[in-house]
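Please work through the exercises below with the sequence and the model side by side. Each task is followed by a solution that goes step by step.

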Amino acid sequence: MTALPETVVLAVGGNALAPAGLGDFAGQEERARHVAGIVAGMVGDGRRLLVVHGNGPQVGALAMAQEAVAREVPPQPLFVLGAMTQGQLGYLLAQAVRDALEAAGRPRSVAALVTQVIVRPDDPAFSSPTKPIGPFFSQGRARRLAQARGWDVAEDAGRGWRRVVASPEPVEVVEREEILRLLERDGVVVACGGGGVPVARVAGELVGVDAVIDKDFAADLVGRLVGATTLLLLTGVERVSLDFGTPAERPVDVMTVAEARGHLAGGQFPPGSMGPKVAAAARFVEAGGREAVITSLERAADAVEGRAGTRIVRG
């Protein structure tokens with residue numbers, strides 16, 4: 001496999017595509033167009049772009065909708081809901097990015113690819129759910145829903161309580177070669193949406209498994225597989241901070257891989273929030289990527305040019 005020149009993998013959270021309370025279709029379409037405008041500004045000469053998006057709010061909301069009509073319509077497995085939201089959000093992003101590039105006078109081919117990502121069926125994550133999905137609840141309501149519906153619930157970074165599901169490590173991207181061919185044609189590719197549809201190899205066949213793969217880990221994996229130079233992980237803050245939410249909070253401009261791993265071991269970054277981003281960034285750089293950057297959606301274009309965000313480097 002030949003590494004592509006200046007290939008950026010951009011990981012956009014599902015929350016960036018979900019208005020407050022998830023909202024109706026028009027609201028999600030508006031958010032997709034906002035994201036697309038920023039994405040289009042990053043597509044320059046000699047730079048290829050692979051967009052990976054999350055689906056936590058959307059897949060959780062779809063699961064709740066299915067439960068509400070379960071007597072009339074048989075609910076689908078969680079991995080099927082992942083495929084459904086991957087198609088939904090891939091459609092919105094691909095259409096919006098294509099329109100934004102056309103409007104900017106820089107037309108490119110844009111494709112959203114339904115992607116399967118292989119996980120290990122014996123991954124310990126299946127017995128320890130950490131991935132938040134769906135809307136936020138008060139603690140009391142979350143616990144009542146957990147008891148009534150058999151959910152696992154947990155507090156999400158001080159923002160409220162949410163349902164949590166298994167989030168196994170991605171180990172292989174089934175459609176890797178298709179993604180690479182689309183990138184080699186100088187296109188913008190939307191792939192591994194929602195972390196990819198989780199599947200496992202069982203008796204020589206691919207079988208869907210109930211889980212939601214963390215999109216940051218999926219972005220790291222697919223980035224390494226296509227020889228990406230930069231991994232850009234978007235979140236709600238411009239830079240990573242140590243001692244977040246305390247009087248000692250301090251933002252970080254540059255972090256080495258060794259420092260990142262030390263802070264992770266020290267509990268600086270929660271597993272359902274900033275933890276996966278820092279871990280994915282360290283893994284990407286350690287495996288040969290030039291750099292990983294964590295920043296906000298609004299500063300994404302500046303971050304690619306080195307003017308914003310927290311940069312994770314070798315040392």
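## Exercise 1: Helix α2

Task: state which residues of α2 are buried, what covers them, and how the length of the helix compares with the expected span.

Solution. In α2, the buried residues are Gly56, Pro57, Gln58, Val59, Gly60, Ala63, Met64 and Gln66, where buried means under 20% relative accessible area, exposed over 50%, and partly exposed in between (1.4 Å probe, protein chains only). This is a predicted model, in which local features need pLDDT of at least 70 and side-chain atom pairs count only at pLDDT 80 or more, while totals for chains, interfaces and linings use all residues. Residues are numbered from 1 along each chain as its sequence is written, and side-chain values use heavy atoms, with hydrogens and water left out.

The next step is the cover: it includes α1 (25-42), α3 (78-103), β5 (131-137), α4 (139-149) and β7 (161-165), contact meaning heavy atoms within 4.5 Å. Helices (H or I, at least four residues) and strands (E, at least two) are DSSP runs, numbered from the N terminus.

For the length, the expected span is 1.5 Å times one less than the number of residues; the 13 residues of α2 (residues 56-68) should therefore span 18 Å, and the end C-alpha atoms are 19 Å apart, which agrees.

## Exercise 2: An aromatic pair

Task: which residues form the aromatic pair, and which parts of the chain does the pair tie together?

Solution. The structure holds 1 aromatic pair, formed by Phe137 and Trp151, with 6.3 Å centre to centre and 40 degrees between the planes, which is tilted. Rings of Phe, Tyr and Trp (its six-membered ring) pair if their centres lie within 6.5 Å, and planes under 30 degrees apart count as stacked, over 60 as edge-to-face and the rest as tilted. Because Phe137 lies in strand β5 and Trp151 in the loop between α4 and β6 (152-155), the pair ties together parts that are 14 residues apart in sequence. Phe137 is buried at a relative accessible area of 10%, and Trp151 is buried at 8%.

## Exercise 3: Helix α8

Task: how many residues of α8 are buried, and what do they pack against?

Solution. In α8, 11 of the 13 residues are buried, so that the helix is mostly covered; among them are Met274, Lys277 and Phe284. The buried residues pack against α6 (215-225), β12 (230-235), β15 (254-256), α7 (257-265), β16 (291-296) and β17 (310-313). After α8 comes Gly288, whose phi is positive, near 125 degrees.
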